[in-house]
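Reader: Hi! I have a new model open and would love to talk it through with you. Could we start with a charged side chain that caught my eye?

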Amino acid sequence: MVAGVTLKMGVAGSKLEKALGDQFPEGERYFGLENFGNTCYCNSVLQALYFCVPFRDQLLEYYTNNKNQGETDENILTCLAELFSQISSQKKKTGVIAPKRFVHRVRRENENFRGYMHQDAHEFLNFLLNELVDILEKESLKLTSAPQTCSDESTENGPSNGHINGAEKEPLVTWVHKNFQGILTNETRCLRCETVTARDETFLDLSLDIEQNSSITSCLKNFSSTETLNAEDKFFCDKCHSLQEAQKRMKIKKPPQILVIHLKRFKYMEQLNRHKKLSYRVVFPLELKLSNTMEDADSEYTLFAVVVHVGSGPNHGHYVSLVKSHNHWLFFDDENVEMVDESAIQTFFGSAHEYSGSNDHGYILFYESLASDDKC
């Protein structure tokens, strides 16, 4: 037993091991995660991240480097790295791990996750990635402010917006950024003088509005559609020095290696005074092209993980995940892991009807660029 982790192996695990056979590399591991009272939101996201191979490899490399350097202060990054290391180093291919230390650390760092109430998987993913970035930035700032000369490797994650000798440094790019960060361009064109004002902003995931019987492609097209600013919403044009009618559009300037898409399935209904889950049918393809949203060329992606929300509303329900590993799909439901056919993904598109018995819906989608060196 490893500190902070409990291992289990049951009938389901041995059944899975037989099903895996020789179809997977010897070093790959498929472990369920124990639920500590509505922590399925955490478990489902962790499985998606574990099977994001570039992210996993860099996290394990971070763990090894930290271990070699001796004792470091415990934080969410070290707990996550330790958890991934414990999974990847198991002798058996399958089983169950109890991520006690990681969950305890999350609850300690963020009061929103301290209770045992149902939480939102997307909010957790956002919190986790931003927390990892903050930790890496602080560690990098310590390295670059130390008196010794840093090597190129240690300065790769240089200080964020820091100043050295009065000169402003470029924003930090950590390995978390390299995996998940993309750049959006918000363009506004004045309809009087035709001047285009562009503002760039970074993103770690895209949140898309959804419609009934639609697709990710159409949702992305709507995301980048042109909006006219008029009446009370007129745009102040610096060239015209006045409020003018304008056209506004959001485009992807730089696509990320890992494209995370969050479907806005929970909508606040004023007449109900609460959030309602939209069970709309939204098709998400195995292969995705960013064409209408891109500034220049297309960018192609392949789906490797889906976090699914099971239930009728945002404040209750359950989360599970599907992940692709070495061209096979697996279904993770906390402690339970099983192989599934690729066609099973279609069952999580949503319902074509307002009222349906099915309440399992794709919520967070993980796509990897086909141009990436390291495939999930």
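Author: Happy to. This is a predicted model, and a good place to begin is Glu 131, which is buried yet has no salt bridge. The nearest side chain of opposite charge, Lys 138, is 6.4 Å away.

Reader: Where does Glu 131 sit?

Author: Glu 131 belongs to helix 6, which covers residues 121–145.

Reader: And which residues does Glu 131 touch, not counting residues up to four places away in sequence?

Author: Leaving those close neighbours in sequence aside, Glu 131 touches Ile 76 and Glu 109. Glu 109 does have a salt bridge, formed with Arg 105, and the closest N and O atoms there are 2.8 Å apart.

Reader: How are Glu 109 and Arg 105 placed in helix 5?

Author: They lie four residues apart, about one turn of the helix. Glu 109 counts as partly exposed at 34% relative accessibility, whereas Arg 105 counts as buried at 9%.

Reader: Which other side chain meets Arg 105 in a salt bridge?

Author: Glu 74 does, with an N to O distance of 3.5 Å. Arg 105 is in helix 5 (residues 100–109) and Glu 74 is in the loop between helix 3 (53–68) and helix 4 (76–88), so this pair ties together parts that are 31 residues apart in sequence. Glu 74 itself is partly exposed, at 35% relative accessibility.

Reader: Which residues are linked with Arg 105 in a network of salt bridges?

Author: The network links Arg 105 with Glu 74, Glu 82, Arg 101 and Glu 109.

Reader: How many salt bridges does the structure hold?

Author: There are 10 salt bridges in the structure. One of these pairs Glu 194 with Arg 189, at 3.6 Å from N to O. In that pair, Glu 194 is partly exposed at 43% relative accessibility, and Arg 189 is partly exposed at 35%.

Reader: Let's move to the nonpolar side. How many residues has the largest nonpolar core?

Author: It has 63 residues, and those with the most contacts inside it are Phe 55, Phe 102, Phe 124, Phe 180 and Phe 366. Helix 6 gives the most to this core, contributing 10 residues. Another core lies apart from it and has 31 residues, including Phe 203, Cys 219, Leu 303 and Phe 348.

Reader: Phe 55 sounds worth a look. What does Phe 55 touch?

Author: Beyond residues up to four places away in sequence, Phe 55 touches Leu 49, Leu 80, Phe 84, Leu 132, Trp 175, Val 176, Asn 179 and Phe 180.

Reader: I also clicked on Leu 172. Is Leu 172 buried or exposed?

Author: Leu 172 is buried, and its relative accessible area is 5%. You will find Leu 172 in the loop between strand 5 (167–168) and helix 7 (175–180). Its C-alpha atom is 7.1 Å from that of Glu 137, although the two residues are 35 apart along the chain.

Reader: Now the strands. Why is strand 19 largely enclosed by the rest of the structure?

Author: Strand 19 (residues 299–313) has 15 residues and 12 of them are buried, so the rest of the structure largely encloses it.

Reader: Which way does strand 19 pair with strand 23 and strand 20?

Author: Strand 19 pairs with strand 23 (residues 360–369) in the antiparallel sense, over nine bridges. With strand 20 (residues 316–325), strand 19 also runs antiparallel, and seven bridges join the two. Val 306 has Leu 365 as its bridge partner in strand 23, and Val 306 stands opposite Leu 322 in strand 20.

Reader: How many residues are in the hairpin that joins strand 19 to strand 20?

Author: Two residues make that connection. Strand 18 (residues 287–290) is joined to strand 19 as well, through four bridges in an antiparallel arrangement. There, Glu 287 stands opposite Thr 302.

Reader: What about the hairpin of strand 15 and strand 16?

Author: That hairpin has four residues between the strands, and Asn 273 takes a positive phi near 60°. Strand 15 (residues 266–269) and strand 16 (residues 274–277) pair antiparallel over four bridges, with Met 269 partnered by Arg 274.

Reader: Last one, the whole chain: how many helices and strands?

Author: The protein chain has eight helices and 23 strands. Of its 376 residues, 47% count as buried.

Note on methods. Residues numbered from 1 in each chain as written. Predicted model: local features only at pLDDT ≥ 70, side-chain atom pairs only at ≥ 80, totals over all residues. Heavy atoms only, no water. Buried < 20%, exposed > 50% of the residue type's maximum accessible area, 1.4 Å probe, protein only. Pairing = 2+ DSSP bridges. Lys, Arg positive; Asp, Glu negative; His and termini not counted. Salt bridge = Lys/Arg side-chain N within 4 Å of Asp/Glu carboxyl O. Contact = heavy atoms within 4.5 Å. Core = buried A, V, L, I, M, F, W, Y, C linked by side-chain atoms within 4.5 Å.
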